[in-house]
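User: Could you take a close look at one part of this structure for me? I work with force fields, so please give the cut-off behind each term as you go.

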Amino acid sequence: MNILVTGGAGFIGSHIVDAYIREGHRVVVLDNLSTGKREQVHPDATFYEIDLMAPEVKDIFEKEKIDAINHHAAQISVTQSVADPAFDAEINIVGSLKLLELAATYKVKKFVFASTGGALYGEQDYYPADEAHPTQPISPYGIAKLTVERYLSYYRENFSIHPTILRYSNVYGPRQDPHGEAGVVSIFCKQLLKDQQPVIFGDGEQTRDFVSVFDVVNANLKAVSENCQGTYNVGTGKETSVNTITALLIKASGKTLPPRHNPPRMGEQRRSCIDYGKFNKDHGWQPTQVLDEGLKGTFNFFTDSVR
Ligand SMILES: NC(=O)c1ccc[n+]([C@@H]2O[C@H](COP(=O)([O-])OP(=O)(O)OC[C@H]3O[C@@H](n4cnc5c(N)ncnc54)[C@H](O)[C@@H]3O)[C@@H](O)[C@H]2O)c1
């Protein structure tokens, strides 16, 4: 298959590109390198350094005969979305719509969309949240993701596009960006490597559902197949506190640097955890990476990258 991966120079997208190429697909990457890195793009992928909003994106569809789109390009920072909701909406809503319009024009049926479980369900009514949990995003970032999910229903009904929506929890792993939803892992790794105490905001008992990027890649391998359509949570169903993450990373680093606590951040979500039962039942997906090993691997990646 010819697969267009937007954001394929970024953290999650670049791992997906590697896996699609390993599976024998031909991959085209669209990325403006705003946070992505050229060296993360697999050498066998066809790379276009271009903004999602550029009219020339049409030329890629004209030339590359795209069979499937995997849309990961986005403004990924919740904080940035609060500071500038219009900018967030421009890239995350309008950019996605432009891509959907091209999918409709060029009759690309398969469309995989990277959504979010964490920011979409907001402060949850129950734990873990399944896909039927009310969506109550409290940030412009979450609102934009939900809006694109709604547009995907419109394109499914009117243009025979087959969407697969993957609602990730907090994704961690090698190449991760400090601004993303599991940014805390890369921030702590970098602090520890500089022999600085990890800084925890608040009491550290806030929880997240940390899923490995390698499990997310497996979800994307399933998502691109013809019979995989619908909305699926991609997480572990387990809550891990920031205190636990910090302790595991300190252990992985072999250092004796106790964490420091700063005042809590305004509006920070307290708990988050999502149920992957539906994806498991329909397509056999489940997380396989053990958290402390995954964190060790991530710490080693950052150690190697500063050498
Ligand atoms: N990291 C997480 O925990 C997490 C959780 C839920 C959802 N997601 C979603 O997964 C996707 C990938 O996130 P990531 O963590 O890999 O972040 P990332 O910043 O590493 O990847 C995003 C990529 O998109 C590119 N990009 C941004 N704006 C662009 C534009 N206007 N035109 C072209 N390219 C553009 C960036 O250069 C980057 O390579 C995003 O859609 C994000 O919202 C991430």
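Analyst: Happy to: I will go through the sheet and strand E1 within it, then turn to some rings, charges and cysteines.

This is a predicted model, in which local features need pLDDT of at least 70 and side-chain atom pairs count only at pLDDT 80 or more, while totals for chains, interfaces and linings use all residues. Residues are numbered from 1 along each chain as its sequence is written, and side-chain values use heavy atoms, leaving out hydrogens and water.

Helices (H or I, at least four residues) and strands (E, at least two) are DSSP runs, numbered from the N terminus. Two strands pair if DSSP finds at least two bridges between them. On that basis, seven strands make an open sheet, ordered E3-E2-E1-E4-E5-E6-E11, with parallel pairing. Strand E3 (46-49) and strand E11 (230-234) are its edges, each pairing on one side only. Direction ignored, neighbouring strands of the sheet are turned by 20° against each other on average; the axes are lines fitted to C-alpha atoms, for helices over the stretch in contact, and angles run from 0 to 180 degrees between N-to-C directions.

Now to strand E1 (residues 2-6). Towards strand E2 (residues 26-31), E1 has five bridges, and the two run parallel. Thr6 stands opposite Leu30 in E2. On its other flank in the strand order, E1 is joined by four bridges to strand E4 (residues 68-71), again running parallel. There, Val5 stands opposite Asn70 in E4.

Helix H6 (residues 140-159) packs on the sheet by touching strand E5 (110-116) and strand E6 (162-168), and its direction makes about 155° with that of E5. Contact here means heavy atoms within 4.5 Å. Helix H8 (residues 213-223) also packs on the sheet, where it touches E4, E5, E6 and E11, at about 165° to the direction of E6.

Why is E1 described as largely enclosed by the rest of the structure? Because five of its five residues are buried, where buried means under 20% relative accessible area, exposed over 50% and partly exposed in between (1.4 Å probe, protein chains only). In a regular strand the side chains alternate between the two faces of the sheet. In E1, Asn2, Leu4 and Thr6 point one way and Ile3 and Val5 the other way, and all are buried.

Next come the rings and charges. Rings of Phe, Tyr and Trp (its six-membered ring) pair if their centres lie within 6.5 Å, and planes under 30 degrees apart count as stacked, over 60 as edge-to-face and the rest as tilted. The structure holds eight aromatic pairs. One of them is the edge-to-face pair of Tyr154 and Phe159, at 6.0 Å centre to centre and 70° between the planes. Tyr154 is partly exposed at 42%, as is Phe159 at 34%. Elsewhere, ring pairs link Tyr232, Tyr276, Phe279 and Trp285 into a cluster. The charged end of Lys278 sits over the ring of Tyr232, 4.8 Å from its centre; this term asks for NZ of Lys or CZ of Arg within 6 Å of the ring centre and within 35 degrees of the ring normal.

Finally, the cysteines: a search of the whole structure finds zero disulfides, defined as pairs of cysteine sulfur atoms within 2.5 Å. Cys189 is buried at 0%, and Cys228 is buried at 0% too.
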